[in-house]
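Here's a quick briefing for your next look at this model. Have the viewer open and follow along.

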Amino acid sequence: MTAISNEDYTRQLLDLITLDRVGDDDFVGSPMPLHLRSVNKRMFGGQVMAQALIAAEATLPRPRPPASFHCRFVRPGAVDHQIEARISRDIDGKTVSHRRVEVNQLGKPIFTASIMYHEPTASDVFHQPPMPDVPSGEACYARMLEQQRAAAEADSYRSFLYTQPPFLVAPVDPAQWTTAEPADEPCRVWIRIDGRIGDDPAYHRALLAYISDTTMLRACDVRHGLNWFRGELIQASLDHAIWFHDDFRMDEWLLHCTYSDWAGRGRGLARGHVFTSDGRLVASTSQEGMVKVVKRPG
């Protein structure tokens, strides 16, 4: 089988998250290509998040960036059936728009979202947390490649990171992804797409939504020394939120810092900050997921 380049993956991913418009507020999406499908044949949550963002923004009367994006995963989606998205236009005001999205598959809802759009205005107030002092994305990715070459055989977490094309994913602290020792430190991961995606900010935002669903709940796992990669947990996203603060590019390194300050009742909550390499906070994230321990380490 001919290897697929990250450039080809990027083009196919952009096609996947761009739904076909079949009415003013109705969109459909084709089944996922075979080589992009997960082993369990479940639709990846980040995929439908990205599709919802692109479709909803297409209904705006004029370009207006989203400020907040709140999602709920109602039931698992299947990769081998098309989806149907219906957009509800709640308001188009002077500076604010609001959209609701319902995504259905086989006649049943699998995903809902609400999106608030706000035209940026001049502001007399500004603050943000400082960016953590960590090695650069390039340095972390180069270290991971070197560790991969030196390893006798790939461990499960590196295998996972290497199955995210066209995204490059580089943990700041690789040991945090394999240890069985509980820790309170945040999980910090550099992310970037390895391909051409143009200058449309809607696609950069959609691709951040896509990849943000990949590693957030790891912040909950490390608090207890548990590891999804060792088969110790069953996890599933329940809801996800992103607040977009500023412009960014997904083809440049972004640092996603996540932490978890609560878990219980079969659920875990993670929150995060997304920084550019020059230290700007461009997005904040939050995710709650189902967390079920199926075996303990050791």
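His256 counts as buried, at 4% relative accessibility (buried means under 20% relative accessible area, exposed over 50%, and partly exposed in between, with a 1.4 Å probe and protein chains only). You'll find His256 in strand S10; strands here are DSSP runs of E with at least two residues, helices are runs of H or I with at least four, and both are numbered from the N terminus. Bear in mind that this is a predicted model, where local features need pLDDT of at least 70, side-chain atom pairs count only at pLDDT 80 or more, and totals for chains, interfaces and linings use all residues. Residues are numbered from 1 along each chain as its sequence is written, and side-chain values use heavy atoms, with hydrogens and water left out.

**Strand S10 and its surroundings**

- Leaving aside neighbours within four places in sequence, His256 is in contact (heavy atoms within 4.5 Å) with Cys187, Arg188, Val189, Ser212, Met216, Gly272, His273, Val274 and Thr285.
- Take Ser212 from that list: 44 residues separate Ser212 from His256 along the chain, and their C-alpha atoms are 8.2 Å apart.
- Ser260 is also placed in strand S10, and Ser260 is buried, with a relative accessible area of 7%.
- Beyond four places in sequence, Ser260 has contacts with Ala219, Cys220, Arg223, Leu269 and Ala270.
- For a longer separation, try Ser260 and Tyr141: they are 119 residues apart along the chain, with 24 Å between their C-alpha atoms.

**Helices H6, H2 and H1**

- Cys220 belongs to helix H6 (residues 218-221) and is buried, with a relative accessible area of 3%.
- Not counting residues up to four places away in sequence, Cys220 touches Ser260, Ala263, Gly268 and Val291.
- Val291 is 71 residues from Cys220 in sequence, yet the C-alpha to C-alpha distance is 8.9 Å.
- Gln51 has its place in helix H2 (residues 45-57); is this polar-named position buried or exposed? Gln51 counts as buried, because its relative accessibility is 2%.
- Outside the four-place window, Gln51 touches Leu16, Ile17, Leu19 and Ile83.
- Glu7 sits in helix H1 (residues 6-17) and counts as partly exposed, at 25% relative accessibility.
- With residues up to four places away excluded, Glu7 touches Asp194, Gly195 and Arg196.
- Glu7 and Glu146 are 139 residues apart along the chain, and 23 Å separates their C-alpha atoms.

**Nonpolar cores**

- The largest nonpolar core (a set of buried Ala, Val, Leu, Ile, Met, Phe, Trp, Tyr and Cys residues joined through side-chain atoms within 4.5 Å) has 55 residues, of which Ile17, Phe69, Phe111, Phe167, Leu207, Leu208 and Met250 touch the most other members.
- Apart from that core lies another one of 13 residues, among them Val134, Cys140, Leu255 and Cys257.
- Zooming in on Leu208, its contacts beyond four places in sequence are Ile191, Phe244, Phe248, Met250, Leu254, Val274 and Ala283.

**Backbone oddities**

- Most residues other than glycine have a negative phi.
- Leu106 has a phi near 55 degrees, a positive value in a non-glycine residue; it lies in the loop between strand S5 (96-105) and strand S6 (108-118).
- Leu106 counts as exposed, at 64% relative accessibility.
- Arg265 isn't a glycine either, but has a positive phi of about 55 degrees; its loop runs between strand S10 (254-264) and strand S11 (267-276).
- Arg265 counts as exposed, at 78% relative accessibility.

**The chain overall**

- The protein chain has 6 helices and 12 strands.
- Its radius of gyration is 19 Å, close to the 19 Å that the globule rule gives for 298 residues, so the chain is as compact as a globular protein of that length. The radius is taken over C-alpha atoms, and the rule is 2.2 Å times the number of residues to the power 0.38.
- Along the principal axes, the C-alpha atoms fill a box of roughly 55 × 50 × 45 Å.
- Of the 298 residues, 46% count as buried.
- Among contacts between residues at least 6 apart in sequence, 71% join residues at least 24 apart.
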